[in-house]
Amino acid sequence: MYWFEQGLCVLPAFLVVWSSATFIICYIIAIYRHDVDVIFPYISDTGVSPPESCIFGLMTFISACAGVGTIYARYKHVELLREDATNVSARLNKVALWLGVISCFGMCIVATFQETVVQVVHDIGAFLFFVFGIVYIILQCFISFQAHPYGCSKYVFCVRVTITILAAVAFVPSILFEISSVSIVQDYPFHVASAVCEWIVAFTFVFFFFTYIHDFKVSISLSHIVYSFLIYIYSFAKILLFLFSYSSLPYG
């Protein structure tokens, strides 16, 4: 049996490979069509003009769906760990689940609303993706620490912490350099620095899921996870329908 056939290893592996391919393919197409600068454009800029915008939207949506599935599988895996590692907080695990889902939802917003069309909505989606994503991986590091010696090895834990620190450290300059590049009449060095930090944050966040591969080799019932996931989707759909029906009521 190959490693990707064990448990649910294929989920994080597919997520990382597909998401990386999304960024790289759109970048190559945008460079080929001279739609962006060769030296570190913003990730969103590589998905503004067609046809790369269509590819970016489709592939990012698939990445978001794979991300939700991986995050939920990790949630169920931590629930199994809690049978041995009783000091792992169930509430913290559920908070991490929803933070990860919100981050993936932000990814969908970024893919759907290009910055040249609806910049405010696009920026909100980017904020959800990056901020909630970073907080999610921070919580996962803390959960891994609580679960020790169960779950991941000390080496994998150190890799997770390193990736998380790199993402958090790169995120702050990306915002500061972006503000500086706008306020100083599109100062190019600040623009490049901000774009570099954005690429670092995006790839570190995505590659964090590679550390789940060893954890997902354990026997996790796929049917149980799918059933539980559908229950969550059903509950979320009911909430959306309620909000939609409430907003459609006539006023006065």
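Reader: Does Q146 count as buried or exposed?
Author: This is a predicted model, and the values here are computed from it. The cut-off for buried is under 20% relative accessible area. Q146 has a relative accessibility of 15%. Q146 therefore counts as buried.

Reader: Which helix holds Q146, and which residues does Q146 touch beyond four places in sequence?
Author: Q146 is part of helix α4. Neighbours up to four places away in sequence are set aside. The residues touched are then N87, V88, S89 and L92.

Reader: S89 is among those partners of Q146. Which end of α3 does S89 cap?
Author: A side-chain oxygen of S89 lies 3.4 Å from the backbone nitrogen of R91. That places S89 as a cap on α3. The capped end is N-terminal.

Reader: What span should the 23 residues of α3 have, and how far apart are its end C-alpha atoms?
Author: The rule is 1.5 Å times one less than the number of residues. For the 23 residues of α3, the expected span is 33 Å. The model agrees, because the end C-alpha atoms of α3 are also separated by 33 Å.

Reader: How many helices and strands does the chain have?
Author: From the N terminus on, the elements run α-α-α-α-α-α-α. The count of strands is zero. The count of helices is seven.

Reader: Which residues does the UniProt record annotate as "transmembrane region"?
Author: The annotation comes from an unreviewed UniProt entry. It may be inferred rather than shown by experiment. The residues covered are 7-32, 55-75, 95-113, 125-145, 157-176, 188-213 and 225-246.

Reader: What are the helix content and the end-to-end C-alpha distance over residues 157-176?
Author: Take residues 95-113 first: the chain there is 95% helix and 0% strand, with end C-alpha atoms 27 Å apart. Residues 157-176 also have 0% strand. For residues 157-176, the values are 100% helix and 30 Å.

Reader: Which residues have the most contacts inside the largest nonpolar core?
Author: This core has 54 residues. The elements giving two or more residues to this core are α1 (10-32), α2 (52-81), α3 (90-112), α4 (119-147), α5 (154-183) and α6 (188-208). Those with the most contacts inside the core are F130, Y136 and F209.

Reader: What does F130 touch, not counting residues up to four places away in sequence?
Author: F130 is one of the core residues with the most contacts. Close sequence neighbours are left out of its list. The residues that remain are F171, E198, V201 and A202.

Reader: Does R74 count as buried or exposed?
Author: R74 lies in helix α2. Beyond four places in sequence, R74 is in contact with Y136, Q140, I143, S144, R160, Y212, D215 and F216. Its relative accessibility is 2%, so R74 counts as buried.

Reader: What percentage of the 252 residues counts as buried?
Author: The chain has about 13,700 Å² of accessible surface, with 74% of it belonging to carbon and sulfur atoms. Among contacts between residues at least 6 apart in sequence, 75% join residues at least 24 apart. The buried share of the residues is 42%.

Reader: What is omega for the cis peptide bond that joins P50 and P51?
Author: Most peptide bonds are trans. P51 lies in the loop between α1 and α2. The bond between P50 and P51 is cis, with omega at about 5°.

Reader: Where does P149 lie?
Author: The peptide bond from H148 to P149 is cis as well, with omega near 10°. P149 sits in the loop between α4 and α5.

Reader: What is the phi of H34?
Author: H34 is in the loop between α1 and α2. At 70% relative accessibility, H34 counts as exposed. H34 is not a glycine, yet its phi is positive, at about 60°.

Reader: How far apart in space are P50 and D35, C-alpha to C-alpha?
Author: P50 is in the loop between α1 and α2. At 52% relative accessibility, P50 counts as exposed. P50 and D35 are 15 residues apart in sequence, and their C-alpha separation is 9.7 Å.

Reader: What separates the C-alpha atoms of V48 and V117?
Author: V48 is placed in the loop between α1 and α2. Beyond four places in sequence, V48 touches S53, Q114, E115 and T116. V48 and V117 are 69 residues apart along the chain, and their C-alpha atoms are separated by 8.9 Å.

Methods:
Residues are numbered from 1 along each chain as its sequence is written. This is a predicted model: local features need pLDDT of at least 70, side-chain atom pairs count only at pLDDT 80 or more; totals for chains, interfaces and linings use all residues. Side-chain values use heavy atoms; hydrogens and water are left out. A nonpolar core is a set of buried Ala, Val, Leu, Ile, Met, Phe, Trp, Tyr and Cys residues joined through side-chain atoms within 4.5 Å. Buried means under 20% relative accessible area, exposed over 50%, partly exposed in between (1.4 Å probe, protein chains only). Helices (H or I, at least four residues) and strands (E, at least two) are DSSP runs, numbered from the N terminus. Contact means heavy atoms within 4.5 Å. Accessible areas come from the Shrake-Rupley method with a 1.4 Å probe; for residues, only the protein chains shown count as cover. A polar contact is a pair of N or O atoms within 3.5 Å; within protein, one must be able to donate a hydrogen and the other to accept it, and residues adjacent in sequence count only if both atoms are side-chain atoms.
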